[in-house]
Amino acid sequence: MAEPMVPNPRHAELQRLLAEAEDRAHEVRQAYQRASSAMRSGRVWTGPTAATWTTELEDRHQRLGRLAQRVVDAIEEELRRTPPLVTESQANAARREMAGRT
C-alpha cells in the first residue's frame with residue numbers, strides 16, 4: 001500500500017522565504033528613491049560633486065535592486081523544483097533536515 005501524500009515542509013518553508021524575500025526586495029527598490037529625488041530636485045545640493053554623488057547613489061541603488069531580484073528569482077526556481085506534496089516519510093526526513101540547520 002502506498003504511503004499517503006502530505007504537504008512538503010520544504011515547499012512551505014520556501015514559500016515563506018519567498019514572501020520574505022519579495023518584501024525585502026520591494027523595500028530595497030524603494031530605499032533610496034526619496035534621497036535620489038531630493039538630490040535630483042536641485043534644492044538639496046548642487047554642483048559637480050553633488051551630481052557625481054547622485055549618480056553613484058542611483059547606480060548602487062539599481063545594483064542593489066537587481067541583486068535583490070536575483071535572490072527572489074533563485075527562491076522561485078527552487079520552489080518550482082520542490083514538489084508541494086511528498087510521502088509522509090519524505091516529509092519527516094525534510095523536517096529533520098530543516099531542524100538540523102537551525
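Let me start with the order of elements: read along the sequence, this protein runs β-α-α-α-β-α, and I should say at once that what we are looking at is a predicted model. In total that gives 4 helices and 2 strands.

On overall shape, the radius of gyration is 22 Å, whereas the globule rule gives 13 Å for 102 residues, a value that ours is well over, so the protein is more spread out than a compact globule. The box that the C-alpha atoms fill, taken along the principal axes, tells us about the extent in each direction, at roughly 75 × 20 × 15 Å.

Turning to burial and surface, buried residues account for 25% of the 102 in the protein, and the exposed area comes to about 7,500 Å², of which carbon and sulfur atoms supply 54%. As for the contacts with a separation of 6 or more, 84% of them join residues that lie 24 or more positions apart.

Now to one helix pair. Two packed helices are described by the angle between their axes and by the distance between those axes. Here the pair is helix 1, residues 9-30, and helix 4, residues 88-100, whose axes come within 8 Å and cross at roughly 50°, which means that helix 1 is oblique to helix 4.

Which residues meet in this pair? From helix 1 they are Pro9, Arg10 and Glu13, and from helix 4 they are Ala91, Ala94, Arg95 and Met98. Sorted by character, the residues of this contact divide into 4 nonpolar and 3 charged, with no polar ones.

Technical notes: Residues are numbered from 1 along each chain as its sequence is written. This is a predicted model: local features need pLDDT of at least 70, side-chain atom pairs count only at pLDDT 80 or more; totals for chains, interfaces and linings use all residues. Side-chain values use heavy atoms; hydrogens and water are left out. Axes are lines fitted to C-alpha atoms, for helices over the stretch in contact, and angles run from 0 to 180 degrees between N-to-C directions. Angles under 35 degrees count as roughly parallel, over 145 as roughly antiparallel, 65 to 115 as roughly perpendicular and the rest as oblique. Contact means heavy atoms within 4.5 Å. Ala, Val, Leu, Ile, Met, Phe, Trp, Tyr, Cys and Pro count as nonpolar, Asp, Glu, Lys and Arg as charged, and the others, Gly among them, as polar. The radius of gyration is taken over C-alpha atoms; the globule rule is 2.2 Å times the number of residues to the power 0.38. Buried means under 20% relative accessible area, exposed over 50%, partly exposed in between (1.4 Å probe, protein chains only). Accessible areas come from the Shrake-Rupley method with a 1.4 Å probe; for residues, only the protein chains shown count as cover.
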